[in-house]
Each structure stands twice: as C-alpha cells, then as structure tokens.
Amino acid sequence: MARPRRTRRGRGHRAGTGGGTVLRPLYDAVLLDRDGTLIEDVPYNGDPEKVRPVPGAREALDRLRAAGFRLAVVTNQSGLARGYFTERQMHAVHARIEELLGPFDHWAVCPHDDTDGCACRKPAPGLVHEAARALGTAPRRCVLVGDIGRDMAAALAAGAAGILVPTPVTRPEEVAEAPAVARDLPGAVTEILRRDRAVRPVVPRTGRAGTVLVARSDSAGDVLVTGPGIRAVAAGAERVVLLCGPRGRAAAELLPGVDEIIEWPLPWIDGSPGPVDPDDMRRLTSRLAAVGADEAVAFTSFHQSPLPLALLLRMAGVPRISAISDDYPGSLLDVRHRVPDGVPEPERALSLAAAAGYALPAADEPVLRLRPDLPAPAVDLPAGDYLVVHPGSSAPARACPPELCAEIVAALAADGHRVLVTGGPGERALTARVAAAGGADLGGAADLAGLARILAGARCVVVGNTGPAHLAAAVGTPVVSLFAPTVPFGQWAPYRVPTVRLGDAGAACRDTRAAVCPVAGHPCLGNLDPAGVVAAVRRLVPG
C-alpha cells in the first residue's frame with residue numbers, strides 16, 4: 001500500500017495513545033475520499049494544475065481541525081497500476097491539494113487495479129484500517145465521507161461510520177444503501193459535529209443522582225441498542241431500575257449498569273396489544289411509585305411516543321422526567337429532547353441521556369456491550385473456527401426466505417466454512433430445514449445469554465435485521481446483514497462492528513415499518529445471491 005506523504009501525529013490524539021488529549025465521545029478521526037469528495041473528479045489526474053476543490057471544502061475541513069478531529073485521505077488510485085501517472089506525479093497532486101485545503105494527518109492510497117485482488121482497494125476495508133492505525137485510533141472511531149457506494153462499503157466493512165455525499169456519478173441504489181446521506185461536504189461536516197455535540201451534556205451533573213428509572217419497552221434488539229444510553233445514566237446514578245416488556249426481558253438481564261428490572265407489557269408499545277386494562281395501569285402506576293425514583297429517562301424508538309408512560313410516571317410521583325418527543329408534552333416532561341431522523345438508535349439513546357445530564361465515562365466506548373459474567377451455553381460448541389447463520393426474525397418481513405437461507409448455508413459449507421444454524425425454541429423446524437443443507441442445527445439449544453456466547457465465538461454472523469444482529473454487535477462479531485429496508489439502515493444497522501449490507505435497499509417495502517412483507521415475493525431479500533453472501537464473508541474475515 002503506497003504512502004505518498006508522512007503521517008502527522010502532532011495533535012488531536014486520543015487518551016491512551018500518547019497524545020495526551022481527552023477521548024472524544026464518538027469519533028476521533030474523519031476519513032475522506034479524494035476524487036469527487038474533496039476535489040472535482042478528473043479521471044486519472046496526474047497534473048496539479050487540474051486540482052479544483054469542491055465548494056466549501058477548505059472551510060468545512062478547517063471546522064473539523066478546529067474541533068480537534070484528525071483527518072486522513074483514503075483513495076483508490078488505479079492509475080498507478082495502469083501507468084497513467086507516476087507516484088511522483090501523484091505526490092505533486094497531493095501537495096497541491098494540501099496547499100489549497102490545508103494539511104492532512106495521513107494519506108492512505110491503494111495503487112492497485114480491481115484485477116489485483118488486494119485487501120486495500122475500496123470496497124475492501126484495508127485503507128480504513130491503515131488510516132485508523134496511522135492516526136492511533138480504531139476504525140469504529142472513524143467516519144468516512146465519500147461519494148460512491150465503494151466508500152460506504154469500505155467504511156462499513158471496517159466498522160466505521162459512513163456519510164455519502166452524492167455527485168452526478170453516484171447511482172440511485174448507492175444512495176438508497178448508504179447509512180447516511182448529506183447534500184455536500186459542508187453538510188456532512190455539520191452532521192458529524194452535530195452528532196459529536198449531541199452526546200455531550202450541555203449542563204454536566206455535579207454529584208451522583210439517586211435512583212433513576214429508565215424505560216425501554218419492545219423487543220430484545222431494542223433493549224440492546226439502548227445499552228449505551230443506560231450505561232451513561234448508570235455512570236451518574238446510585239441505582240438504575242429498568243422498565244421493559246416481556247419480549248425485552250432476556251436482553252435487559254444482559255445489560256451492564258442495571259440494578260433491578262421491572263417487566264410490564266405496555267399496550268401503546270406492543271405490536272399486537274390487547275385492550276387497555278385500567279386496573280393493570282393502576283397496578284403499574286403503583287409499582288412505579290414503589291421504586292421511589294428521583295427521576296426517570298424514558299427511552300423510545302424513533303416512531304414511538306413517550307407521553308403515555310410519562311403520564312403514568314407523573315401519577316407515580318416521579319419529579320423529573322426526560323424523553324424524546326416531537327409532540328407537545330405539556331407538563332409531562334421536564335426535559336423534552338428532539339433528535340433528527342436518521343441517527344443510529346444507540347446514539348439516539350446517548351443523546352437523550354446527555355440531555356438529561358448523563359454521559360458515558362471517558363473509559364467507556366459508545367458501543368453495545370453485555371455483562372462480563374454471561375453463562376456458558378448449554379450446547380457444546382465445535383472446536384475450531386465457525387460461522388453462524390441465524391435465519392429467523394421476530395418480524396417475518398425482515399426474515400430471509402428459508403429455502404434461500406438453506407442455499408446460503410450450502411454455499412458457505414462449499415466454501416470450506418463450518419456453519420452453525422441458530423434459532424429460538426419456536427424456530428426448531430426452521431433451523432432444522434436450513435441446517436440440513438450443510439450446517440449444524442442449534443435451534444432452541446440456547447437462551448439469549450447462551451446465544452451471545454455462541455455468537456462471540458463465531459468469525460462472522462449471517463443474520464437479518466433482528467435482535468441477534470445487535471447481539472453480535474454487542475460481542476464484537478462481524479455481521480453480514482441481510483437487511484430488509486422496512487426500517488432505515490442508518491438507524492438499525494449493527495452498530496460499530498464490521499458489516500456488509502446485502503438486500504435490495506430500494507424495494508417497495510422501504511420505510512414502511514411493516515412486520516409482514518407487503519410485497520409479493522419478498523423482493524428485498526428473496527433475490528439474494530448466495531455467492532454474494534460468500535463474498536461478503538470473505539471481505540469481513542479474509543483467509
């Protein structure tokens with residue numbers, strides 16, 4: 001991998017890497033594609049006189065420098081391999097870019113062509129890994145800004161965040177697949193800075209709070225993605241009580257920072273609720289009052305309202321309530337927080353905690369995390385490396401068709417992988433059908449904690465947009481995400497772990513939040529190519 005300019009290490013280092021500065025809450029570095037993102041795209045340019053920055057580039061980059069971010073360029077330059085320009089000419093172009101746009105802390109360049117099969121050419125993640133190492137940080141603490149799908153794929157495969165800035169050459173499907181989209185480079189920088197500020201308390205607390213009741217109803221995945229926000233509250237409270245629903249109880253038991261769990265179904269949250277029972281609501285209000293909470297933080301998903309619960313909390317005598325609400329809350333909320341669309345759910349939860357005055361400690365990364373004392377799974381795991389395929393989902397619209405999952409297992413086994421097929425107790429027929437194609441059937445063999453142990457030992461997990469995808473992220477295992485676009489990928493993607501997204505991001509079910517597929521033939525996942533899954537696994541776990 002060519003390195004045409006030296007790395008500068010003189011500023012902005014995170015704590016623990018020799019630079020002596022405080023760890024930033026979300027990101028340490030911004031990585032930028034070159035052609036089409038920083039400068040106008042002149043194919044195979046070896047002439048410094050043809051360098052033209054995109055509008056607003058210098059001012060946007062200076063905003064990042066002033067905020068303490070380190071900057072690196074990550075660029076494919078196949079013109080070197082093809083002989084269209086020399087390395088000396090490329091250095092001259094980069095010198096001109098720095099003359100116009102200011103210094104960069106590192107240049108990461110892939111000099112290869114597509115046919116070379118290297119690990120650095122985007123969409124492979126090699127350049128992101130190189131830049132992160134050179135800057136003394138990790139890919140999960142980087143944001144990559146680029147103009148085409150290869151840039152976003154490289155960011156995701158490394159575990160970094162990605163923001164797409166489309167140009168006339170950006171294909172519509174690349175825009176649909178992107179985790180986040182900005183109108184231009186200044187807009188991308190504004191979003192990076194906004195997200196960075198959003199997870200910092202405007203008014204940090206002095207001293208610890210007493211008992212804080214936090215709420216997150218819904219399924220296991222919803223509870224898991226709220227974990228960073230709950231840990232932030234726990235860092236500033238003497239005691240944390242978590243209110244969750246029956247479907248999220250098993251995940252709640254895995255979260256660090258929770259001292260007590262109250263399990264109660266909420267009829268305004270559950271997808272298939274029964275009628276509202278006034279007596280049940282009175283019992284819930286009494287139970288909440290018995291907590292004796294000094295305050296409450298009501299976490300919700302982007303499409304849910306916290307106000308029914310806020311009313312019960314008020315009736316239970318909770319003196320201070322914080323929640324995200326676009327609707328006017330009247331006197332139900334003391335802290336009414338708002339979050340723009342598209343923010344990843346873990347960051348959405350962290351921003352509410354920050355609005356309430358809580359932040360993660362400097363030593364705690366804003367990642368999904370589980371308690372360290374998980375029990376071992378009841379099933380004996382095979383010796384050596386293995387992959388996991390999890391075919392089921394709590395919502396049928398987000399599940400890959402069983403026959404296609406079986407083809408994926410067969411393709412992975414043919415590629416030399418040992419494949420375990422996992423599922424819950426009610427999915428034994430599904431896992432048996434899928435595993436028969438060449439995998440080991442573990443359907444119903446483990447509870448959620450045991451599944452976490454299984455996923456932690458896997459080299460990679462192939463799974464839809466469902467709870468085990470977030471469980472894999474919580475144990476740091478790469479994910480091939482068979483993602484149905486019924487909800488936004490940028491909000492619900494596996495958080496801060498290497499990921500490859502597969503599926504039709506522009507299918508007609510996009511953003512419908514449908515639990516059952518509304519389109520005949522399930523086109524968003526039904527047309528997946530098993531060979532593409534094999535290629536995705538190779539990208540995430542080469543060798």
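Let's start inside: helix 17 buries Gly467, Pro468, Ala469, His470, Leu471, Ala472, Ala473 and Ala474, where buried means under 20% relative accessible area, exposed over 50% and partly exposed in between, with a 1.4 Å probe and protein chains only. That makes 8 of its 8 residues, in a helix running over 467–474. Helices (H or I, at least four residues) and strands (E, at least two) are DSSP runs here, numbered from the N terminus.

A word on the model itself: this is a predicted model, in which local features need pLDDT of at least 70 and side-chain atom pairs count only at pLDDT 80 or more, while totals for chains, interfaces and linings use all residues. Residues are numbered from 1 along each chain as its sequence is written, and side-chain values use heavy atoms, with hydrogens and water left out.

Back to helix 17. What covers its buried residues includes helix 8 (220–225), strand 12 (387–390), helix 16, strand 15, strand 16 and helix 18 (489–492). Take helix 16 from that list: the axes of helix 16 and helix 17 come within 9 Å and cross at roughly 55 degrees. Axes are lines fitted to C-alpha atoms, for helices over the stretch in contact, and angles run from 0 to 180 degrees between N-to-C directions. The two helices are therefore oblique to each other, given that angles under 35 degrees count as roughly parallel, over 145 as roughly antiparallel, 65 to 115 as roughly perpendicular and the rest as oblique. The crossing is right-handed, meaning that the near helix is turned clockwise from the far one by less than a right angle (anticlockwise would be left-handed). On the helix 16 side, Leu448, Leu451, Ala452 and Leu455 meet Pro468, Leu471 and Ala472 of helix 17, a contact being heavy atoms within 4.5 Å. Just past the end of helix 17, glycine 476 takes a positive phi of about 80 degrees.

Leu471 also turns up among the contacts of leucine 254, together with Leu370, Arg371, Leu374, Leu448 and Ala449, not counting residues up to four places away in sequence. Leucine 254 sits in the loop between helix 10 (249–252) and strand 8 (260–263). With 5% relative accessibility, leucine 254 counts as buried. Its C-alpha atom is separated by 8.9 Å from that of aspartate 373, 119 residues apart along the chain.

Now zoom out to the cores. A nonpolar core is a set of buried Ala, Val, Leu, Ile, Met, Phe, Trp, Tyr and Cys residues joined through side-chain atoms within 4.5 Å. The largest one has 96 residues, and those with the most contacts inside it are Leu38, Leu64, Phe104, Leu185, Val214, Val233 and Leu471. Helix 16 (residues 448–456) contributes the largest share of this core, 6 residues. Apart from it lies another core of 31 residues, including Val419, Cys460, Val480 and Val533.

Strands 15 and 16 belong to an open sheet of 6 strands in the order 14-13-12-15-16-17, with parallel pairing; two strands pair if DSSP finds at least two bridges between them. Strand 14 (440–443) and strand 17 (499–502) are the edges, each with a single partner strand, so one side of each is left without a neighbour in the sheet. From one strand to the next, the twist averages 20 degrees. Helix 15 (residues 428–435) packs on the sheet, touching strand 13 (419–423) and strand 14, and its direction makes about 170 degrees with that of strand 14. Further along, 4 bridges join strand 15 (residues 461–464) to strand 16 (residues 479–482): valine 461 stands opposite valine 479, and valine 463 has serine 481 as its bridge partner. In a regular strand the side chains alternate between the two faces of the sheet. Strand 16 is covered on both faces, with Val479 and Ser481 buried on one side and Val480 and Leu482 on the other.

There's another open sheet of 6 strands, also with parallel pairing, in the order 8-7-6-9-10-11. Here strand 8 and strand 11 (335–337) stand at the edges. Strand 6 (residues 209–215) and strand 7 (residues 237–244) pair over 6 bridges, with leucine 213 opposite valine 241. Helix 11 (residues 278–291) packs on this sheet, touching strand 6, strand 7 and strand 8.
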